[in-house]
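Trainee: I am new to this structure and would like to be led through it with care, one step after another. Could we look at it together before I ask anything?

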Amino acid sequence: MSDTSGGGEADVHSVAAEALDAVRRSDDLDQLEDVRVRFLGRSGRLTGFMRGIGQLSDAEARRQMGQTVQALVERVREALEERRAELQAGDSADEPLDLTR
């Protein structure tokens, strides 16, 4: 797992960028769920940064890192929700409309 001290902020940005790219590349809901678990799940890569914040000795560094990580996690969650809506809309668009109901 990446170290959250020193250059940790750059690492968390690259992990978040990787997560956003994986969200964009997801072709179906199963892939999207795999991305969510890989980055935001209990042992997820971004979740690991959240856990590592407490290990920082400087209170100001903890505060800044916490704000950064939280903002990036929120952005990834938003991207997941947007992509999920796109995929669900695409699935329903593929189904024929039943006008007999």
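The questions and answers below go from the overall fold to single residues.

Trainee: Which pattern does the protein follow when it is read along the sequence?
Mentor: Please keep in mind that this is a predicted model. The protein has 4 helices and 0 strands, and its 101 residues include a buried share of 34%. Read along the sequence, the pattern is therefore made of helices alone, given that strands number 0 under the helix and strand assignment used here, and it is written α-α-α-α.

Trainee: Among contacts between residues at least 6 apart in sequence, what percentage joins residues at least 24 apart?
Mentor: Contact here means that heavy atoms lie within 4.5 Å. Counting the contacts in the protein between residues at least 6 apart in sequence, the share that joins residues at least 24 apart is 62%.

Trainee: How many Å does helix 2 reach from its first C-alpha to its last?
Mentor: Helix 2 covers residues 29-40, which makes 12 residues. At 1.5 Å a residue a span of 16 Å is expected, and the helix comes close to that, with a reach of 16 Å.

Trainee: Within what arc do the buried residues of helix 2 fall, seen down its axis?
Mentor: The buried residues in helix 2 are Leu32, Val35, Phe39 and Leu40. Seen down the axis of the helix, they line one face, because the arc within which they fall is 90°.

Trainee: Which residue offers its backbone nitrogen to a side-chain oxygen of Asp28 at the start of helix 2?
Mentor: A side-chain oxygen of Asp28 reaches to within 3.1 Å of a backbone nitrogen at the start of helix 2. That backbone nitrogen belongs to Asp30.

Trainee: Which residue forms a salt bridge with Glu33?
Mentor: Side chains of opposite charge can pair when their charged atoms come close. The partner of Glu33 sits 3 residues away in helix 2, about one helical turn, and the closest N and O atoms of the salt bridge are 2.7 Å apart. Glu33 is partly exposed at 31% relative accessibility, and its partner is partly exposed too, with a relative accessible area of 30%. The residue that pairs with Glu33 is Arg36.

Trainee: In which helix do Arg25 and Asp21 both lie?
Mentor: The structure holds 6 salt bridges, and one of them joins the side chains of Arg25 and Asp21 at 2.2 Å, N to O. Asp21 counts as partly exposed, at 31% relative accessibility. The two residues are 4 residues apart, about one turn of the helix, and the helix that holds both, residues 8-25, is helix 1.

Trainee: How far apart are the closest N and O atoms in the salt bridge of Arg75 with Glu78?
Mentor: Arg75 and Glu78 are 3 residues apart in helix 4, and so are separated by about one helical turn. Arg75 counts as partly exposed at 35% relative accessibility, and Glu78 counts as partly exposed at 34%. In their salt bridge, the closest N and O atoms are apart by 3.8 Å.

Trainee: Which residues does Arg75 touch, not counting residues up to four places away in sequence?
Mentor: One of them is 55 residues away along the chain, with its C-alpha atom separated from that of Arg75 by 8.4 Å, and this is Leu20. The other lies in helix 4 and is partly exposed, with a relative accessible area of 45%. Taken together, the residues that Arg75 touches are Leu20 and Glu82.

Trainee: Is Thr47 buried or exposed?
Mentor: Thr47 is found in helix 3 and, leaving aside its neighbours within four places in sequence, is in contact with Phe39, Leu40, Gly41 and Arg42. Buried means under 20% relative accessible area. Thr47 has a relative accessibility of 17%, so this residue counts as buried.

Trainee: And is Gly54 buried or exposed?
Mentor: Gly54 is found in the loop between helix 3 (45-52) and helix 4 (59-94). Its C-alpha atom is separated by 9.9 Å from that of Met65, 11 residues apart along the chain. A residue counts as exposed over 50% relative accessible area, and Gly54, at 58% relative accessibility, is therefore exposed.

Key. Residues are numbered from 1 along each chain as its sequence is written. This is a predicted model: local features need pLDDT of at least 70, side-chain atom pairs count only at pLDDT 80 or more; totals for chains, interfaces and linings use all residues. Side-chain values use heavy atoms; hydrogens and water are left out. Buried means under 20% relative accessible area, exposed over 50%, partly exposed in between (1.4 Å probe, protein chains only). The expected span of a helix is 1.5 Å times one less than its number of residues. The arc is that of the directions from the helix axis to the C-beta atoms. A polar contact is a pair of N or O atoms within 3.5 Å; within protein, one must be able to donate a hydrogen and the other to accept it, and residues adjacent in sequence count only if both atoms are side-chain atoms. A salt bridge is a side-chain nitrogen of Lys or Arg within 4 Å of a carboxyl oxygen of Asp or Glu.
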